[in-house]
Amino acid sequence: MLTGIAVSPSRILIVKPSAIGDVVHTLPVLNLVRKRYPAAHIAWMVTPTCGGILQGHPQLNEIIPFERKKLSRTWALIQTLRRGRFDLVLDLQGLFRSGLFTWLSGAAVRVGFANAREMAPLFYTHHVPVPDTEVHAIERYLSMAEAVGCERGPVEYVFPTDDADRRAVDAMLGDGSPFVVMLPGTNWPTKRWPVEKFAEMAAPLKERFGLRTVLAGGPRDGDAVAKLLPNALNLSGKTSLRQLVALLEKASLVIANDSGPMHIAVALGRPLVTPFGPTNPVRTGPYGRPDSVVRVDLPCSPCYSETCSHQSCMRWLEIGPVLDVAGNELKR
């Protein structure tokens with residue numbers, strides 16, 4: 001535990017505005033902080049886009065919206081942070097803006113990673129060392145939990161999804177036959193396994209494993225697959241984040257690119273296959289599930305680039321290896 005941190009902070013703020021996968025990775029920290037400080041008021045600063053996955057969370061007392069594209073709301077946000085009278089702030093984003101808001105909160109103890117980017121460490125009173133860059137994001141976050149007096153584990157995820165969300169998903173699904181959820185969306189174009197490959201998976205998944213196809217996630221990529229699979233149930237863009245959790249809870253198998261929903265599937269312990277190309281599964285892959293990853297071993301991968309002239313790492317990945325991993329995951 002870092003020196004100078006209050007033994008029992010009464011008001012704690014978690015700063016992790018985005019993205020969905022990063023918010024999911026932070027849920028184990030929230031769980032550990034709540035267990036260590038059961039009487040504390042815990043708030044989370046998050047973008048409205050990602051806040052839906054936290055709405056009604058039983059371990060949170062407050063959600064503070066961070067609307068980063070509306071500068072007119074910045075002063076109101078600063079006032080909200082000041083009124084919060086937080087005595088402990090954890091910056092798990094590690095960028096200039098998150099560090100700045102950590103400082104603007106006025107908290108006496110502001111904790112962040114020593115290797116945070118964009119000069120963010122200037123705003124912290126305490127710095128958590130991260131000795132190895134080749135470590136999963138969750139391991140980094142657990143280091144911060146440990147630094148403020150929590151145990152390092154267990155790694156547990158609590159979602160606020162309730163029976164109303166599950167009933168809504170049941171109504172969308174119709175019959176109760178087993179299904180695979182395909183999530184072809186992701187925030188980088190270079191991380192997208194071609195939609196044609198997702199579509200090719202539907203027939204063999206039905207023939208070999210008896211799984212019907214359900215498309216989910218954002219509408220753009222899901223609709224592109226739906227044009228190739230008119231008989232698939234297309235729920236892309238039709239679920240809230242809490243309902244997406246409920247949908248993935250029921251899935252027999254999930255096939256997803258490197259994306260937030262992929263990390264939700266990992267948190268739920270679902271059978272999973274995830275194609276990887278430009279990103280490193282050691283850092284941001286399915287935590288504790290390396291066998292779920294399928295990738296083509298190329299000298300240029302991972303490149304961590306959002307642009308690429310050839311995207312060979314994803315285009316050269318055929319459905320055979322994906323089906324093999326799917327079979328192994330279903331057996332597991």
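**Strand β11 and helix α7 in a predicted model**

Leu 272, Thr 274 and Phe 276 point one way from β11, Val 273 and Pro 275 point the other way, and all are buried. The model discussed here is predicted.

Biologist: Is strand β11 largely enclosed or not, and how many of its residues are buried?

Modeller: A residue counts as buried when its relative accessible area is under 20%. Strand β11 spans residues 272-276, and it is largely enclosed by the rest of the structure because the buried residues number five of the five.

Biologist: Which residue of β11 is the bridge partner of Ile 255?

Modeller: Strand β10, residues 253-256, pairs with β11 in the parallel sense over two bridges. Within β11, the partner of Ile 255 is Val 273.

Biologist: What is the handedness of the β-α-β crossover from β10 to β11?

Modeller: After β10 the chain passes through helix α10, residues 260-267, and then enters β11. This crossover is right-handed.

Biologist: Which residue in β12 stands opposite Phe 276?

Modeller: Strand β12 covers residues 293-295 and pairs with β11 in the parallel sense over three bridges. Opposite Phe 276 stands Arg 295.

Biologist: Where in α7 does the kink lie?

Modeller: Helix α7, residues 195-209, reaches 21 Å from its first C-alpha to its last, close to the 21 Å expected. The helix nevertheless has a kink of about 25°, shortly before the proline Pro 204. The kink lies at Ala 203.

Biologist: Which residue with a positive phi follows α7?

Modeller: The phi of this residue is near 70°. The residue is Gly 210.

How values were computed
Residues numbered from 1 in each chain as written. Predicted model: local features only at pLDDT ≥ 70, side-chain atom pairs only at ≥ 80, totals over all residues. Heavy atoms only, no water. Buried < 20%, exposed > 50% of the residue type's maximum accessible area, 1.4 Å probe, protein only. Helix = DSSP H or I, 4+ residues; strand = E, 2+ residues; numbered from the N terminus. Pairing = 2+ DSSP bridges. Right-handed = clockwise from strand over helix to strand, strands pointing away. Expected span 1.5 Å × (residues − 1). Bend = angle between axes of the 7 residues up to and from the residue.
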